[in-house]
There are 2 protein chains.
Amino acid sequence: MTSLAAEPQRRGRRRRRPDSPDTSAPAGPNLRRLTNPFPAMELLSADQVEAIHETSLTILEELGIRVLHDEGRRLLAAAGCLVDESDFQVRFDKGLVMETIAKAPSVVELVPRNPARAVSMGGNGVAFATVGGPPNVSDLEGGRRAGTLAAFEDFMRLGQSFDVVHLMSPAVEPIDLAPGLRHLAMSRAMMVLTDKVPFIYSRGTQAVADSFEILRLAHGLDRGGFAAQPHCFTVVNANSPRQLDWPMTQGIIDFAQAGQLMVLTPFTLAGAMAPVSVAGALAQQNAEALAGLALAQIVRSGAPVMYGGFTSNVDMKSGAPAFGTPEYVQAAFASGQLARRYGLPWRSSNVNASNAPDAQSAYESQMAIWGALLGKANLLLHGAGWLEGGLTASYEKFIIDVEMLQMMAHVFEPMACDEGALALEAVREVGPGGHYFGAAHTLARYQTAFYPPILSDWRNFETWSETGSEDTARRAHRIYKETLRNFQPPPLEDERRAAIDDFVSRRTAEGGADLES
Amino acid sequence: MTSLAAEPQRRGRRRRRPDSPDTSAPAGPNLRRLTNPFPAMELLSADQVEAIHETSLTILEELGIRVLHDEGRRLLAAAGCLVDESDFQVRFDKGLVMETIAKAPSVVELVPRNPARAVSMGGNGVAFATVGGPPNVSDLEGGRRAGTLAAFEDFMRLGQSFDVVHLMSPAVEPIDLAPGLRHLAMSRAMMVLTDKVPFIYSRGTQAVADSFEILRLAHGLDRGGFAAQPHCFTVVNANSPRQLDWPMTQGIIDFAQAGQLMVLTPFTLAGAMAPVSVAGALAQQNAEALAGLALAQIVRSGAPVMYGGFTSNVDMKSGAPAFGTPEYVQAAFASGQLARRYGLPWRSSNVNASNAPDAQSAYESQMAIWGALLGKANLLLHGAGWLEGGLTASYEKFIIDVEMLQMMAHVFEPMACDEGALALEAVREVGPGGHYFGAAHTLARYQTAFYPPILSDWRNFETWSETGSEDTARRAHRIYKETLRNFQPPPLEDERRAAIDDFVSRRTAEGGADLES
């Protein structure tokens, strides 16, 4: 059932030595299922949350959302929305929005083909996903180049190799495949190379149905069994401002009907696709999110959904998107407050705008991670590998992110404060000016006392220099290659794998999916 | 009065355009005086705080602290401690510790020669200091080399140039000067090149008195006027475990007598100089801190002091110190709880163990900064420039840190949520699928809407590549050089400067200070 991906993973999940005489030593977190103990950061007062909420409902009621999807508009009209067919604008009664949203579950359990990899989206549960969506990949050796299926598969292997990565996003677009065939190859790779919760693109009903079928075959379930609980997720981006296009609206419908998780994320960059003020961008984000989430509940009451917050700002000198900024952090705190206002699980991201896996990429990512985790996000998308504002999946940044996520997982751990941890006996044993290296207390605990890094280099300058002065990116390069070299796919029964391959071959031969349907 | 250090500073303090039609646009924070709005992170339960507190008092009462200073032991004995002159151990009655500590002020206002640069240590006040103490400096061009007075002066110029840096620590040891002369040159440089709160080393009474005199001359105050309030600070490190050596104890006495701020910081690296468990290291930290702080209050009731938390862990494979680790973050959260337990202002640090100004240096620093600021530290030492676990002051890391600190200062800002910020009119103006670049709301606010970075590069990959693919460290290199080139020292009256120079010349001619007295 478990991955055999070896060293990095094993170092992440520290085990107590069986012969350890002191059983109170912490064994390290279960990286597979994380609970965020932080109190939620309440940046906004209750009145301010209400002001944003009310503004967003006014946007929905007075201005509306343009829905470029006939069936979507028909469903919304049938539910009581005012639809103007001359401009496709849909206006939502405030009461209707709130009643409809209330039907969404507050916790969604996602169960992939390996049930030991299930993650809980809601409450204090938090899970991390790989980067998703970039058209390019990069590493220090090959530089930046267009994505391929081979690169996509590499990132699936990397994602599988670390327990702190819980969900598999489509790390890079396989540009070398015809658009109508990509979903087949991506879903197959996710099922064959990983046993974690997979992402499926909303690129039309046919492609979504193909991917569901590949997942169903991997699970070994019949159609009813597969539909009985959420196994995968998609992201639907509103085309901000105030617009849902055809494939996005179709995705809302497809996922609600299938009972699979849909994350509605408006793309509200303050100053570009949203007002230049963070509160204004959040009001628009909230309006767009509630509209899409309401449609999902109209399609199927109780459909598993998630509130997506992605508000950031642009560089007002150039219009370039920025991530991990102070405004991004504040928007993450506030998005958490809004999601909790509606009792919805919510998604944030680990993002940065750097062009290299350098200091900027790390400090912007850290800002985004702390913003998300203090904001009590349940899902951190783009958790590992995102670079260049999402235009590149970076192999080195993937390893840097894994290190940062593992560190956060260890910060989450309760601090032992029992008699053994308080260590009065050890202080008694070691006199003034002495050291604890050989103390009995140390010997009993040192192997599991601290987080063991996979990337951070704590050697002194001289030793580090003598061995080549490798900076973090170069070490990350070595580690990603070593991880790929050591990769072993998770077990998958031969007949399931054959069924997947047969299906993918057949559908590929048929020309794949028509992405317009 | 203000620094003329120009560009980086001006960009940090954004101003509202006088002709701006919308006065509700935020003008950016006052970087000179920061208030931390975060709720304190309560990692430990109240019972756990009490368990650490009680353990530390038991350490003080049963085991005691070794004090290698005759006068220090005499003062402690006179106050009621049990002193064993055979091994210099001093045992503290629990009640005595608590009564004595209670005399310390909970807020300390530090007023440098430019009163507009005063900082408040206590409550929600928070201030950032330059790196202090490394024997080496490094930059990308010259590599790593021993510290010099010229390098020390460079870092003073850098510290003066950014408003987000509030206190001047001794950024690097001027190895090119005789030990007994260094304090003269360092204090002079701090007074001539900066107008911010200076640090003074506790290296014996004579050296401390010399530095106080240089500060007094820079302030233009008589002795009584200078002694009337705290103008500077020192750090006294306990020689963990459980020991106060001669110069450190003398520093406690000298600073308490002079009414200047003393920060008592035990050097408790879990697994080396402290127990391998974080709770145990904290109990020892607390015992050592309380002992030194009690001595200060015994010397002078109400002496300005600060609780220092520096607990981190070592790499148990090599014994190398590590910083910005998960354990470091937890210790920072808990140290804040302990300091608040005693109503004391407290100090944390921006630290990392990287050998280069790379991704590791940034993510470990970010962890440390978030640990400190969520822990509600009032003073962030080593705020800018620390590298290699404190063995090197890095010019490039200084700029990276300034960027990170400025970002945090902007996260501290309240989010505007008034009608203008909620931007309903702007949403009305921009239709579905449009953009906000030309909206009236955007034009009125864009100049002050977002934090303008000094280091982060948000240009797209193509533009960035065409202009040399400079990573963060290389950009930081350019920025530090440009900052030094543009540096203008803050105003200092000619007669004060002459008095300082006369004093330093005379004391230098006399051979400087005897550091053993």
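In this predicted model, the residue of chain A that comes closest to the rotation axis is A359(A), whose C-alpha lies at 2.0 Å from it. The axis itself emerges from superposition: a turn of 180° with a shift of 0.0 Å along the axis lays chain A on chain B with an RMSD of 0.0 Å. The two copies are thus related as by a two-fold rotation axis.

The contact between the copies involves 112 residues of chain A and 113 residues of chain B. About 9,100 Å² is buried between chain A and chain B, and carbon and sulfur atoms give 69% of that area. On the chain A side, the residues that lose the most area to chain B are M415(A), F450(A) and W458(A), which together make up 10% of what that side buries. Of the interface residues of chain A, 100% are also interface residues in chain B, so the copies meet through the same surface.

A closer look at the helices helps to fill in this picture. Two packed helices are described by the angle between their axes and the distance between the axes. Across the interface, helix α11 of chain A (residues 326–341) and helix α13 of chain B (residues 395–412) have axes that come within 8 Å and cross at roughly 40°. That angle makes α11(A) oblique to α13(B), and the crossing is right-handed. From α11(A), the residues P326(A), V329(A), Q330(A) and F333(A) take part, meeting M407(B), H410(B) and V411(B) of α13(B). Sorted by class, this contact has 5 nonpolar and 2 polar residues, with no charged ones.

Helix α11(A) also has a partner within its own chain. With α12(A) (residues 359–374), α11(A) packs at an angle of about 15°, the axes lying 8 Å apart. The two helices are therefore roughly parallel, and α11(A) passes α12(A) in a right-handed crossing. On the α11(A) side the contact is made by Y328(A), V329(A), A332(A) and F333(A), and on the α12(A) side by M367(A), A368(A), W370(A), G371(A), A372(A) and L374(A). The classes here are 9 nonpolar residues and 1 polar residue, again with no charged ones. V329(A) and F333(A) thus appear in the contact with α12(A) as well as in the one with α13(B).

Another pair within chain A is formed by α7(A) (residues 205–219) and α19(A) (residues 494–509), whose axes are 8 Å apart and lie at an angle of about 160°. These helices are therefore roughly antiparallel to each other, and α7(A) passes α19(A) in a right-handed crossing. Residues Q206(A), D210(A), E213(A), I214(A), L217(A), A218(A) and H219(A) of α7(A) meet R496(A), A499(A), I500(A), F503(A), V504(A) and R507(A) of α19(A). Charged residues do enter this contact, with 4 of them beside 7 nonpolar and 2 polar residues.

Some backbone details in the loops round off the description. In chain A, the peptide bond from S240(A) to P241(A) is cis, with omega near 0°, and P241(A) is found in the loop between β12 (233–238) and β13 (243–244). In chain B, S240(B) and P241(B) are likewise joined by a cis peptide bond, with omega about 0°, and P241(B) lies in the loop between β12 (233–238) and β13 (243–244) of that chain. F88(A), although not a glycine, has a positive phi of about 65°; this residue sits in the loop between β3 (82–84) and β4 (89–91) of chain A.

Definitions and conventions:
Residues numbered from 1 in each chain as written. Chains lettered and ligands numbered in written order. Predicted model: local features only at pLDDT ≥ 70, side-chain atom pairs only at ≥ 80, totals over all residues. Heavy atoms only, no water. Least-squares fit on C-alpha atoms with pLDDT ≥ 70 in both. Contact = heavy atoms within 4.5 Å. Axes fitted to C-alpha atoms, helices over the stretch in contact; angles between N-to-C directions. Helix = DSSP H or I, 4+ residues; strand = E, 2+ residues; numbered from the N terminus. Parallel < 35°, antiparallel > 145°, perpendicular 65-115°, else oblique. Left-handed = near helix turned anticlockwise from the far one by under 90°. Nonpolar A, V, L, I, M, F, W, Y, C, P; charged D, E, K, R; others polar. Buried area = accessible area lost by both parts, 1.4 Å probe.
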